[in-house]
Amino acid sequence: MTNGPEPATLGPARPAFPPEGGPARGRPRHGPGAPPPPASSPPAPRSPLPGALAPWRDGALDIWRGVALLAIFINHACAGWPRRVTPLNFGFSDSADLFVLFAGYVAALAYLPGFAGWPTRRQADRPARGRALAVLRRLLAREALLYGAHLALAGFAFLLALALAWAGRDGTASLAPWLRDPWGLLGPLLALRYQPEYLNILPLYCLLLPLLPGLLALAARGRAGLALGLSATLWLAAGLSGTNLPTTPGPQGWFFNPLCWQFLFTIGFALGTRQLRSRRAMPRHPALCWAGLAYLGLALLAMRATGLPEPGWLAPLPDFLSVPDKHFLSLPRLLHVLALAYVVVHSPLQAWASRQPHHHPLALMGRHSLPVFCAGTAAALLATALRPPGLAPFGPGGLALDLLVLTGGLAAQLLLARWLDGRQRAATAPTLASGTVPG
């Protein structure tokens with residue numbers, strides 16, 4: 001998973017965008033998570049160290065994205081005991097929900113400053129229009145990268161399935177339709193309608209990213225609340241009616257229904273907008289903290305005692321409002337991921353994450369989430385395909401294999417993240433040393 005737009009990078013000073021509902025008031029804020037100072041202000045001092053983080057980067061978020069990547073890899077690559085410690089065993093949501101929420105948050109941090117001062121019809125602000133067009137070009141490049149990464153993973157999975165079929169093995173059952181009709185399913189694959197197992201998350205991001213220009217334009221004009229309201233309406237309408245986008249083959253629809261999951265992405269975007277505006281994405285309220293803890297406790301009790309509630313358990317209330325469902329991001333699941341995020345942000349865990357250096361292994365993985373996710377998915381596909389048939393997942397042999405897969409897969413992902421970070425630091429070092437800032 002990517003899970004989200006690229007991290008914010010150092011850039012030229014841009015004017016702060018107005019708070020919700022009106023022009024900017026008061027003194028501009030500075031520091032991590034705050035908008036850059038106005039162009040007319042003296043430039044803020046920059047760290048001379050190569051690879052210094054942008055002033056509005058949230059370092060703790062990199063840690064949590066790394067944790068989510070770690071959990072996703074364990075869930076995909078392991079079959080036994082390691083999966084028992086990932087978030088999906090302790091509540092209604094899992095790491096995929098967190099990553100979509102993070103993606104929307106990072107999107108605001110990375111792209112919204114460039115939309116500050118977006119001109120209205122009555123304005124002829126060429127610099128502002130130029131900045132916005134530069135952001136749109138970055139979004140287009142990111143979309144192409146996401147789409148290319150999805151096709152590359154699909155190609156790897158298909159070649160792996162061909163090799164296993166040639167060897168008389170069946171380790172990738174979800175690719176069996178593609179092996180039977182490779183040319184017939186090539187078109188649906190390119191159109192994101194054919195989504196084999198492990199290859200259904202990047203298509204979601206390919207559909208979420210085109211929403212950003214509209215979200216950015218509304219937020220830059222102080223109308224982030226309108227964007228959130230429209231998104232909530234679509235989520236509720238699709239969830240209550242059971243509307244989903246079609247897939248091929250079969251009528252089951254998208255595993256991550258984008259009509260519903262876009263709401264979680266938009267919530268993350270709204271939180272990122274608030275962070276840029278006031279440096280407080282989620283202000284602390286004791287009542288909300290206690291309510292969030294209570295809901296997390298009930299979800300934990302339900303999962304450990306009886307598992308997920310069965311459909312119809314609160315009839316005549318619709319299942320979308322009473323049963324945790326991943327495909328449609330039902331209300332109990334949405335509330336769980338939001339409660340989890342809120343409680344963690346206001347807990348000692350957030351303070352621990354904020355203290356970690358930018359070269360912490362989890363931060364490195366979170367900062368380069370797309371390539372790390374792709375490497376982890378490829379490793380998980382390989383591990384699943386090569387797992388000996390009949391091996392008991394909870395026996396000594398299964399545990400040994402899971403530990404071997406975890407060690408090798410995580411080492412490969414961490415080495416990749418370190419290499420990418422080194423390249424990034426080397427690329428920014430000359431401009432920082434010369435006193436200029438890369439655009």
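This report describes the aromatic pairs, salt bridges and cysteines of a predicted model.

**Aromatic pairs**

A pair of aromatic rings is described by the distance of the centres and the angle of the planes. In this structure, 9 aromatic pairs are found. One of them joins tryptophan 64 and tryptophan 352, whose rings lie 6.2 Å apart from centre to centre, with 55° between the planes, so that the arrangement counts as tilted, a class that ends where edge-to-face begins, over 60 degrees. This pair links distant parts of the chain, since tryptophan 64 belongs to helix 1 (residues 59-77) and tryptophan 352 to helix 13 (residues 348-355), with the two positions 288 residues apart in the numbering. The two partners fall into separate accessibility classes: tryptophan 64 counts as buried because its relative accessibility is 17%, and the limit for buried is under 20%, whereas tryptophan 352, at 30% relative accessibility, counts as partly exposed.

Another aromatic pair is formed by tryptophan 178 and tyrosine 194, and this one is edge-to-face, with 5.9 Å from centre to centre and 75° between the planes. Tryptophan 178 sits in helix 4 (residues 176-180), while tyrosine 194 is found in the loop between helix 5 (186-190) and helix 6 (202-208), so the pair links parts of the chain that are 16 residues apart. Both tryptophan 178 and tyrosine 194 are buried, and together with Phe158 they make up one aromatic cluster.

**Salt bridges**

Side chains of opposite charge can pair when their charged atoms come close. The count for this structure comes to 7 salt bridges, and the table lists three that join an aspartate to a lysine or an arginine.

| Acidic residue | Basic residue | N to O distance |
|---|---|---|
| aspartate 94 | lysine 326 | 2.9 Å |
| aspartate 97 | arginine 333 | 2.8 Å |
| aspartate 402 | arginine 387 | 3.3 Å |

For the salt bridge between aspartate 94 and lysine 326, the acidic partner lies in the loop between helix 1 and helix 2 (95-111) and the basic partner in the loop between helix 11 (319-322) and helix 12 (331-345), so the contact ties together parts of the chain that are 232 residues apart in sequence. Aspartate 94 is buried, with a relative accessible area of 8%, whereas lysine 326 is partly exposed, with a relative accessible area of 23%.

The side chains of aspartate 97 and arginine 333 also meet in a salt bridge, which links helix 2, where aspartate 97 is located, to helix 12, where arginine 333 is located, across 236 residues. Here aspartate 97 is buried, with a relative accessible area of 0%, and arginine 333 counts as buried as well, at 5% relative accessibility.

In the salt bridge between aspartate 402 and arginine 387, aspartate 402 belongs to helix 16 (residues 396-433) and arginine 387 to the loop between helix 15 (369-386) and helix 16, the two being 15 residues apart. Both aspartate 402 and arginine 387 are buried. Elsewhere, Asp62, Arg65, Arg367 and Asp421 are joined into one network by salt bridges that share partners.

**Cysteines**

A search of the whole structure finds 0 disulfides. As for the accessibility of individual cysteines, cysteine 78 is buried, with a relative accessible area of 3%, and cysteine 260 is likewise buried, with a relative accessible area of 0%.

Note on methods: Residues are numbered from 1 along each chain as its sequence is written. This is a predicted model: local features need pLDDT of at least 70, side-chain atom pairs count only at pLDDT 80 or more; totals for chains, interfaces and linings use all residues. Side-chain values use heavy atoms; hydrogens and water are left out. Rings of Phe, Tyr and Trp (its six-membered ring) pair if their centres lie within 6.5 Å; planes under 30 degrees apart count as stacked, over 60 as edge-to-face and the rest as tilted. Helices (H or I, at least four residues) and strands (E, at least two) are DSSP runs, numbered from the N terminus. Buried means under 20% relative accessible area, exposed over 50%, partly exposed in between (1.4 Å probe, protein chains only). A disulfide is a pair of cysteine sulfur atoms within 2.5 Å. A salt bridge is a side-chain nitrogen of Lys or Arg within 4 Å of a carboxyl oxygen of Asp or Glu.
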